Amino acid sequence: MAKTHAIRARRLTKRFGAVVALDGVDLDVAPGQIHGLVGPNGAGKTTLLGLLLGLAVADGGSLEILGTPVERALATPDGTAGFVDGPAFYPSLTARQNLAALADLDGRRVRAAQLDHVLDQVGLTDVADDRTRGFSLGMRQRLGLAAALLSEPRLLVLDEPANGLDPAGAKHVHGVLTRLAAAGTSVLLSSHRMDDVEALCSEVTILATGRVVFSGPLRKLATEHRELDYRLVTSDPDAARRLAADAAGVRVTTTVITRYDTEVLTVTARTPALDDLVVRLVHAGVAVRELAPVVSPLEAAFLALTGQREVAR
Ligand SMILES: Nc1ncnc2c1ncn2[C@@H]1O[C@H](COP(=O)(O)OP(=O)(O)OP(=O)(O)O)[C@@H](O)[C@H]1O
Ligand SMILES: [Mg+2]
């Protein structure tokens with residue numbers, strides 16, 4: 001039997017007055033998949049995640065969560081947990097008391113050991129008995145994740161979960177999500193950090209002004225057939241520039257001398273043309289010291305598909 005999708009959305013539409021926040025969105029998330037949702041500010045990410053958490057109802061389309069069609073009532077579908085726009089807490093209660101209060105609101109009894117476990121999972125054991133009033137943004141994000149984990153969800157919906165986390169905290173959260181997914185929990189998360197999405201997600205959906213402009217495995221964004229900009233540093237920049245200018249399918253876009261006096265060429269090419277250039281450079285006795293895409297395939301696709309121009313760097 002085919003496995004039930006964690007999320008199956010078809011032609012989802014959501015309007016706020018004249019603003020069409022979601023315009024016919026299709027989304028499939030498989031069990032145990034970590035799926036990234038990216039898009040420029042105002043693209044509709046939070047709106048979509050809010051529909052999945054039952055915080056609002058769609059104006060049109062259909063939505064199935066964990067195999068159950070979501071009707072028009074406002075309610076968090078069973079087995080789903082998460083937050084949008086940053087989690088909210090009672091400032092005068094401690095982290096532990098907040099978790100207990102949230103579970104209570106949901107009508108769930110939790111044992112002290114469960115609270116200890118989720119606090120430990122997100123790395124908040126040391127501040128478990130501190131009031132959340134003094135919590136930093138990163139600590140609040142971790143507590144939001146702990147609250148979501150407490151219900152042992154089969155689908156976790158997280159709006160920018162890494163926002164405000166320091167690099168160690170982000171890595172910690174990555175570990176938590178990866179382990180959950182390995183145990184079968186599906187995760188849908190939005191992020192503005194392409195490197196986070198690349199590290200965590202097997203599939204990604206790119207939204208632009210309420211429409212899906214790409215959805216699928218990250219490997220589909222592979223560079224083989226796409227022209228990308230590459231940084232090229234060699235032992236002989238003048239010779240490299242001449243060879244690149246003569247090579248079929250390669251354009252030299254810019255030459256920059258860095259603060260370390262290194263001359264960096266930016267060349268634009270598809271992978272096969274780039275391979276030819278490297279062979280020519282080596283045959284001509286020019287050593288290649290650095291060759292890497294200026295932006296990752298995901299970021300390149302994001303910029304191209306959302307109509308955003310790359311900021312010069
Ligand atoms: N409650 C609301 N009332 C009116 N308009 C809204 C409301 N919520 C969202 N919108 C509008 O819907 C569109 C999508 O907003 P949304 O918050 O979903 O974007 P987003 O992708 O999460 O952006 P960001 O990256 O800035 O978080 C925007 O044009 C926004 O102004
Ligand atoms: Mg948002």
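## Thr268 and its partner

Let's start with a side-chain pair: Thr268 and Asp229 are joined by a polar contact of 2.8 Å between their side chains. Keep in mind that this is a predicted model. Thr268 sits in strand S13, which runs over residues 263-269.

Is Thr268 buried or exposed? Its relative accessibility is 5%, so Thr268 counts as buried, given that the cut-off for buried is under 20%. Setting aside neighbours within four places in sequence, Thr268 touches Glu227, Leu228 and Asp229, along with Gly249, Val250, Arg251 and Thr253. Asp229 therefore turns up both in that contact list and as the polar partner of Thr268.

## Around ligand 1

Now for the ligand. There are 13 residues around ligand 1, and those that come nearest are Gly42, Lys45, Thr46, Thr47 and His192. Sorted by class, the shell holds five nonpolar, six polar and two charged residues.

Which side chains place a polar atom by a ligand oxygen? Asn41 has one at 2.9 Å from an oxygen atom of ligand 1. For Lys45, the distance from a polar side-chain atom to a ligand oxygen is 2.7 Å, and for Thr47 it is 2.6 Å. On its own, ligand 1 has 630 Å² of accessible area, and the protein covers 59% of that. Two elements give two or more residues to the shell: strand S2 (19-29) and helix H1 (45-52). Helix H1 has the largest share, with three residues.

## Leu48, inside H1

Helix H1 also holds Leu48. This leucine is buried, at 1% relative accessibility. What does Leu48 touch, apart from its neighbours within four places in sequence? Its contacts are Leu12, Leu22, Val25, Leu27 and Leu37.

There's a longer-range pairing to look at too: Leu48 and Val84 are 36 residues apart in sequence, while their C-alpha atoms are 9.8 Å apart in space.

## Thr13 in strand S1

Another threonine to look up is Thr13, found in strand S1 (residues 7-16). Thr13 has a relative accessible area of 14% and is buried. A polar atom of its side chain lies 3.3 Å from the backbone oxygen of Arg11.

Leaving out neighbours within four places in sequence, Thr13 is in contact with Leu22, Asp23 and Gly24, and also with Ala58, Asp59 and Gly60. Leu22 is one residue that Thr13 touches and that Leu48 touches as well.

## Helix H4 and its cover

Helix H4 takes in residues 137-150, 14 residues in total. From first C-alpha to last, H4 reaches 20 Å, close to the 20 Å expected at 1.5 Å a residue. Just after H4 comes Glu152, with a positive phi near 45 degrees.

How many of the 14 residues of H4 are buried? The count is 10, so H4 is mostly covered, with buried meaning under 20% relative accessible area. They are Gly138, Gln141, Arg142, Leu143, Gly144, Leu145, Ala146, Ala148, Leu149 and Leu150. An α-helix has 3.6 residues a turn, so residues three or four places apart point the same way. As for what does the covering, the elements over the buried residues of H4 include strands S6 (80-83) and S7 (155-159), plus helices H2 (95-105), H3 (112-121) and H5 (167-182).

Notes:
Residues are numbered from 1 along each chain as its sequence is written. Chains are lettered from A and ligands numbered from 1 in the order in which they are written. This is a predicted model: local features need pLDDT of at least 70, side-chain atom pairs count only at pLDDT 80 or more; totals for chains, interfaces and linings use all residues. Side-chain values use heavy atoms; hydrogens and water are left out. A residue is near a molecule or strand if one of its heavy atoms lies within 4 Å of it. A polar contact is a pair of N or O atoms within 3.5 Å; within protein, one must be able to donate a hydrogen and the other to accept it, and residues adjacent in sequence count only if both atoms are side-chain atoms. Accessible areas come from the Shrake-Rupley method with a 1.4 Å probe; for residues, only the protein chains shown count as cover. Helices (H or I, at least four residues) and strands (E, at least two) are DSSP runs, numbered from the N terminus. Ala, Val, Leu, Ile, Met, Phe, Trp, Tyr, Cys and Pro count as nonpolar, Asp, Glu, Lys and Arg as charged, and the others, Gly among them, as polar. The expected span of a helix is 1.5 Å times one less than its number of residues. Buried means under 20% relative accessible area, exposed over 50%, partly exposed in between (1.4 Å probe, protein chains only). Contact means heavy atoms within 4.5 Å.
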